[in-house]
There are 2 protein chains.
Amino acid sequence: MDLLALQTPALLLERTRLERNLAAMRERARSLGVALRPHLKTAKSAHIARLATAGGPAAITVSTVREAEYFAAHGVSDIVYAVGITPDKIGRAAALAARGVTLRMITDCVEGAAALAAFEPAEAGPLRVLLEIDTGAGRAGVLPDSDALLAVAARLTEGTGAVLDGVLTHAGHSYGCRSLEEMSRVAEEERSGAVRAAERLRAAGHACPMVSVGSTPTAVAARDLDGVTEMRPGVYMFFDLDQATIGSCGRDDIALSVLASVIGHNRHAGHILLDAGALALSKDVSAAEIRPEIGYGDVCDALSLEPLLGFHVHSVHQEHGMVPVAGDADYERLPVGAKVRILPNHACITAAAHAHYDVVDGAEVVERWDRVNGW
Amino acid sequence: MDLLALQTPALLLERTRLERNLAAMRERARSLGVALRPHLKTAKSAHIARLATAGGPAAITVSTVREAEYFAAHGVSDIVYAVGITPDKIGRAAALAARGVTLRMITDCVEGAAALAAFEPAEAGPLRVLLEIDTGAGRAGVLPDSDALLAVAARLTEGTGAVLDGVLTHAGHSYGCRSLEEMSRVAEEERSGAVRAAERLRAAGHACPMVSVGSTPTAVAARDLDGVTEMRPGVYMFFDLDQATIGSCGRDDIALSVLASVIGHNRHAGHILLDAGALALSKDVSAAEIRPEIGYGDVCDALSLEPLLGFHVHSVHQEHGMVPVAGDADYERLPVGAKVRILPNHACITAAAHAHYDVVDGAEVVERWDRVNGW
């Protein structure tokens, strides 16, 4: 099927770029001497999980229990659920463990540790847990040098419900970098903080075999990962304008786009209207925080994916995207019914509004892959 | 089921508030002497469509062809698809008409009109079309006094494929108002522009029976709707912080909220972490453009829905919401595992990430209603 025949808006995935991005990250992990545990929070697709882990163990990261359940149902048997566990989600996670999935949860507080420790071990054995470490992002996690690190570990291992498998960190502040040089420095903060936390835990008597780090910018820019056992980048599969703007990828690495149709010309206001708005593109404007002209995305030729006349989606309503244009020639270039593609600010958020990917190779739609949204 | 037993994040709908909002808008339409054709782009739920049209004809507005198909499958037989039609969507719309649905499409340009006019009439008869009018919003539509108005109407009625049923406008600029007084002025712009366009079309020989206006702020504030036949508000069903901030509703009218759990305490950064982030809440910050402290939403008590200690979701990552707090007492008030509810900036965008509503009456979950997302 010709991609121009798709009903719009539609979420397109460039197969060639996806495969190149996946291969490049596998090579990064290999050359750094760590395992790759891709984060599927961006792709949320069993098909992409298989491609991303090809040639290695089917070990992944997820951001919701629903993703864990979905990927387990699709045969993935080694999952890290990388968002702090709440006591009332332990049951769903334990149910997966009981079905043979190695599911690791994370916590960063004594309350979470206590709930895990108090869990009644099932036949599958105790729950497996990683301690979340804050290596500079300031989101979640205990500091590597804090008393809390040892206190949480001690509380976790008091009972018989849980075992401490290691530490996990996410250097989310790497998204604030503006160069590979800066990303390398953050990667070293991420590595050294995680390793220091693991060493302190080992000195206190915990085995702590896993040291898990990960974000796409630090995965791209890390110079060495001594002491780390695995990394968990996610958005590298698709990349986006935010990653291209901070420099972790090139514009031609962006594999995700939204196909849209021109639905009108507002000549008195000076813009073209698209049928991709706040829902199809999302209201994420992360790249526009650095380059305001980007707005809600770059307008590209529907077939070549090359930038189209410097057009951007300047504003959005629920189902409308507004693209300011200069004059008659622009309207003639994009008549009502014409199709364009929009490169998104933030692939994870844009993709989440769509139920599936139309996978394209050149002008051809070659496959349709599902996604698991919601919770 | 107790709402505190729900897995989080979850989208909650207060039944009492919903019913009160629906009744109030029916009374507004009655007192203004117009039909109510509620816009289901916010609710996207067949159950809510039935409640919203109770006591009158099942006539609704939708924002996607998929919504039209979903509501038609649930028995709704009178639908306006209020986003400019593209030539390649006419087939899906016509298929609904062939199944007995009165489906009206809109256009504002000669290209759209030409495609509709060229349609081969089916047994169901010609396609039914409304001309979109720009009454000040500057999004889509021809101006009431423009030559384009008559040119598009003439082109539409040249062939046998389509009939012109009237005009439609949406005063989206009413969202920029800051008082009921301003909304009343915009409502009069919306009314007078739509009526003027209809009168010019009638003078040119078009029957133009329908004059359709609508936005929640103008529906709430209109003083008279002389010459208008129907109104199409949507977000009034749920309201949200944006509507409360501009003054089209009170805070206690907001029927939609997101139930979230506390997943961690970052004492060194000074915030509580919730499991409702960019996906569960959306990245819409419309109310925060007026009151920046709102951020991504108001944190409320999970049971009373009263504001909680002035807390707001200050920043979001994909599955994390960060709520700055002052000190130990706040962490003790909200231990890990505690539940809160977040009032959203913009109900239409927040609801779109969720597959269903958990409908609550007091502390009790009384029903689960589905939603139709996507395209």
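Q: Which class does Arg128(B) fall in: buried, partly exposed or exposed?
A: This is a predicted model: local features need pLDDT of at least 70, side-chain atom pairs count only at pLDDT 80 or more, and totals for chains, interfaces and linings use all residues. Residues are numbered from 1 along each chain as its sequence is written, chains are lettered from A and ligands numbered from 1 in the order written, and side-chain values use heavy atoms, leaving out hydrogens and water. Buried means under 20% relative accessible area and exposed over 50%, with partly exposed in between (1.4 Å probe, protein chains only). At 32% relative accessibility, Arg128(B) is therefore partly exposed.

Q: Which residue meets Arg128(B) in a salt bridge?
A: A salt bridge here is a side-chain nitrogen of Lys or Arg within 4 Å of a carboxyl oxygen of Asp or Glu. Side chains of opposite charge can pair when their charged atoms come close. At 2.9 Å, N to O, the partner of Arg128(B) is Asp165(B).

Q: How many residues apart in sequence are the parts that this Asp165(B) pair ties together?
A: Helices (H or I, at least four residues) and strands (E, at least two) are DSSP runs, numbered from the N terminus. Asp165(B) is buried, at a relative accessible area of 8%. The partners sit in strands β7 (residues 162-169) and β6 (residues 127-133) of chain B, so the sequence separation is 37 residues.

Q: Which residue pairs with Glu181(B)?
A: Glu181(B) lies in helix α7 (residues 180-203) of chain B. Glu181(B) is partly exposed, with 41% relative accessible area. Its partner is exposed, at 61%. At 3.0 Å, N to O, that partner is Arg223(B).

Q: How far apart in sequence are Arg104(A) and Asp165(A)?
A: These two form a salt bridge, with their closest N and O atoms 2.7 Å apart. Arg104(A) is in strand β5 (residues 102-107) and Asp165(A) in strand β7 (residues 162-169), so to speak distant parts of chain A, 61 residues apart.

Q: Where does Arg104(A) stand, buried or exposed?
A: Its partner Asp165(A) has 9% relative accessibility and counts as buried. Arg104(A) has a relative accessible area of 8%, so Arg104(A) is buried.

Q: How many salt bridges are counted over all chains?
A: Six of them run between chain A and chain B. One of these joins Asp284(A) to Lys283(B), with the closest N and O atoms 2.8 Å apart. Over all chains, the count is 46.

Q: Which rotation superposes chain A on chain B?
A: Copies are superposed by least squares on the C-alpha atoms of residues with pLDDT of at least 70 in both. The fit has an RMSD of 0.0 Å and 0.0 Å of shift along the axis, with a rotation of 180°. The two copies are thus related as by a rotation axis that is two-fold.

Q: Which residue of chain A comes closest to the rotation axis?
A: Its C-alpha lies 2.7 Å from the axis, and the residue is Lys283(A). The two copies use the same surface: 100% of the contact residues of chain A recur in chain B. Contact means heavy atoms within 4.5 Å. The residue asked for is Lys283(A).

Q: How much area do chain A and chain B bury between them?
A: The size of an interface is often given as the accessible area lost when the parts come together. Here that loss uses a 1.4 Å probe and is summed over both parts. The contact takes 56 residues from chain A and 56 residues from chain B. Carbon and sulfur atoms hold 57% of the buried area, which is about 4600 Å².

Q: What is the radius of gyration of chain A?
A: Chain A has twelve helices and 18 strands. The radius is taken over C-alpha atoms, and the globule rule is 2.2 Å times the number of residues to the power 0.38. For 375 residues the rule gives 21 Å, so chain A is as compact as a globular protein of that length, at 22 Å.

Q: What share of the residues in chain A is buried?
A: Among contacts in chain A between residues at least 6 apart in sequence, 69% join residues at least 24 apart. Of its 375 residues, the buried share is 61%.

Q: Which residue just after α3(B) takes a positive phi?
A: Helix α3 covers residues 65-73 of chain B, and its buried residues include Tyr70(B) and Phe71(B). Elements covering the buried residues include α2 (46-52) and β18 (364-370) of chain B. With a phi of about 95°, the residue just after the helix is Gly75(B).

Terms used. Buried area is the accessible area (1.4 Å probe) that two parts lose on being put together, summed over both.
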